[in-house]
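Student: Please walk me through this model with short questions and short answers. I would like to follow the reasoning at each step.

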Amino acid sequence: MYDKYFLMSESDIEGYIREKLPEYFDSEDKLVCKEIGDGNLNYVFRLVNENGKSIIIKQAGEELRISKDLKLSTDRGRIEANVLRLQAEFAPGYVPKVFLYDEVMCVQVMEDMIGHGMMRTELLKGNVFPLFAEQISDFLAKTLILSGDIVMNHMEKKKLVGRFINPDLCDLTEHLVFSEPYSDYNNRNNPFEKNREFIAKNIYSDESLKARAAELKYKFMNNADSLIHGDLHTGSIFINKDHLYVFDPEFAFYGPAGYDIGNILANLLFAYEHADKVLSEKNDIDAELFKKWILDTVRGIIDLFLEKSNVLYDEKCSDIMADNIIFKNKYMENILKDTAGYAGTEIIRRIVGMAKVKDITSIEDEEKRAVSERKLLLFAKTLMSESDIFANGKSYVDKWLDLNVM
């Protein structure tokens with residue numbers, strides 16, 4: 001029945017699992033399926049029995065759910081499943097287990113991340129996660145350093161570069177992140193009306209900013225530093241107070257290491273602005289404490305990543321030419337510079353482009369939302385134009401707190 005691709009619905013899932021993974025549930029179990037996906041690219045189902053045992057089934061669709069005009073190769077499912085397996089080797093415990101990948105149906109079946117909540121949703125509620133900086137920096141250092149030429153056999157790494165070429169998803173990023181937000185040539189940008197003129201003046205008309213965005217775009221296209229997640233934000237992390245899972249790496253490929261780090265930093269700042277404009281009005285939430293935690297986390301991610309990466313570099317370096325303190329320092333400096341730049345491009349694309357974040361769109365007071373967006377955009381420009389100054393966590397916090405936007 002499953003020898004030819006078709007897009008499944010809830011009614012198809014039980015039969016699929018009974019055939020493909022018959023040992024997972026008992027034959028007499030009563031199973032219930034629900035579609036739980038809220039992303040733009042895929043269809044995600046949870047199948048659960050009466051005792052609460054569950055499994056996740058994710059199928060790649062052939063077109064974006066937000067736009068049928070955007071067609072994508074379903075091969076991204078293969079990339080995602082294999083990246084999760086490889087990341088499980090680099091950073092054990094930080095990604096969900098993949099039980100199978102079906103190349104015909106473009107389906108991956110994986111562990112259900114029970115007891116964890118989507119991080120973006122949790123941050124919107126004002127929940128803090130004291131271990132997050134420690135855990136995500138560990139994941140980033142291990143996946144980015146261990147998958148690169150500093151550590152890997154160069155021939156084996158080149159084979160992986162070929163294995164994870166991801167042209168459709170990279171093309172989507174190259175348009176939606178690095179190109180359209182700066183000129184809107186496809187008429188798909190969706191700026192907030194109150195900031196339309198601000199964006200025209202400060203983004204569309206800034207040729208120096210466009211040049212820097214082009215530089216970062218060409219690094220993204222040509223620098224095969226590390227196996228990157230490619231879309232690492234608070235919507236691709238499931239978390240609780242003790243643990244986190246990073247998932248959904250369908251945009252993964254070999255690219256610049258700083259891209260993943262910059263993306264997560266940008267999304268933490270979206271949560272900061274939501275807290276400042278929305279949570280501050282709720283009596284049962286200490287918004288100031290939450291904002292302090294966000295900034296402490298931003299600082300911690302950078303500093304801990306640097307610390308852990310240096311240790312891994314020293315312990316695992318396999319290339320005689322890279323085993324050099326001057327080169328190592330330059331290598332890490334370049335990652336940090338890219339991190340700042342890519343944090344800036346993530347902020348701009350989420351404010352100006354077509355793919356928004358709820359942290360900002362849920363700010364109902366239009367004046368407050370306008371101010372938040374302007375602050376974020378101005379900070380993004382600083383991140384991109386002055387990337388060299390963001391050499392540690394403190395530099396991010398200091399520059400952010402120096403901004404005063406009305």
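**Sheets, cores and cavities**

Student: In what order do the strands of the 5-stranded open sheet run?

Tutor: This is a predicted model. The 5 strands form an open sheet, and their pairing is antiparallel. The order is S1-S2-S3-S7-S6.

Student: Which strands are the edge strands of that sheet?

Tutor: An edge strand here pairs on one side only. From one strand to the next, the twist averages 20°. The edge strands are S1 (31-35) and S6 (98-102).

Student: Over how many bridges do S1 and S2 pair?

Tutor: S2 covers residues 42-49. Leu31 stands opposite Asn49 in S2. S1 and S2 pair in the antiparallel sense, and the number of bridges is 5.

Student: At what angle does helix H1 run to S1?

Tutor: H1 spans residues 10-20. It lies across S1, S2, S3, S6 and S7 (107-110). Its angle to S1 is about 125°.

Student: What angle does the direction of H2 make with that of S6?

Tutor: H2 also packs on this sheet. It touches S2, S3, S6 and S7. With the direction of S6, the direction of H2 makes about 155°.

Student: What is the strand order in the open sheet of 3 strands?

Tutor: Its pairing is antiparallel. The edge strands, each pairing on one side only, are S8 (117-118) and S11 (244-246). The order is S8-S10-S11.

Student: Which residue is the bridge partner of Ile239 in S11?

Tutor: Take S10, residues 237-239. It pairs with S11 in the antiparallel sense over 3 bridges. In S11, the partner of Ile239 is Leu244.

Student: Which helix packs on that sheet, touching S10 and S11?

Tutor: Its direction makes about 35° with that of S11. It spans residues 132-146. The helix is H4.

Student: Which residues touch the most other members of the largest nonpolar core?

Tutor: That core has 106 residues. Helix H11 (287-316) gives the most to it, with 12 residues. The residues with the most contacts to other members are Phe132, Ile237 and Ile347.

Student: What does Phe132 touch, leaving out residues up to four places away in sequence?

Tutor: Two contacts are the bridge partners Ile239 and Leu244. Others include Ile237, Met119 and Ser137. The list also holds Ile264, Leu268, Trp293, Thr297 and Ile301.

Student: How many residues are in the second core?

Tutor: This core is separate. Among its members are Met8, Leu47, Leu100 and Met105. The count is 19 residues.

Student: What is the volume of the largest cavity?

Tutor: The structure holds 3 cavities of 30 Å³ or more. The lining of the largest includes Asn42, Lys58, Arg76, Glu80, Cys106 and Glu250. Its volume is about 40 Å³.

Student: Which elements give two or more residues to the lining of the largest cavity?

Tutor: Gln59 and Ala60 are in the lining, and so is Gly77. One element covers 54-60 and the other 76-90. They are strand S3 and helix H2.

Student: Which element gives the most to the lining of the second largest pocket?

Tutor: This pocket has a volume of about 160 Å³. Of its 13 lining residues, the closest to the centre are Cys170, Phe220, Met221, Phe253 and Tyr254. H6 (167-176), H9 (207-222) and S12 (253-255) each supply at least two residues of the lining. With 3 residues, the element that gives the most is H9.

Note on methods. Residues numbered from 1 in each chain as written. Predicted model: local features only at pLDDT ≥ 70, side-chain atom pairs only at ≥ 80, totals over all residues. Heavy atoms only, no water. Core = buried A, V, L, I, M, F, W, Y, C linked by side-chain atoms within 4.5 Å. Buried < 20%, exposed > 50% of the residue type's maximum accessible area, 1.4 Å probe, protein only. Helix = DSSP H or I, 4+ residues; strand = E, 2+ residues; numbered from the N terminus. Contact = heavy atoms within 4.5 Å. Pairing = 2+ DSSP bridges. Axes fitted to C-alpha atoms, helices over the stretch in contact; angles between N-to-C directions. 1 Å grid on protein atoms, 1.4 Å probe; cavity = no way out; pocket = protein on both sides within 12 Å on 5 of 7 lines; lining within 4 Å. Points joined across faces, edges and corners; volume = space filled by probe spheres on them.
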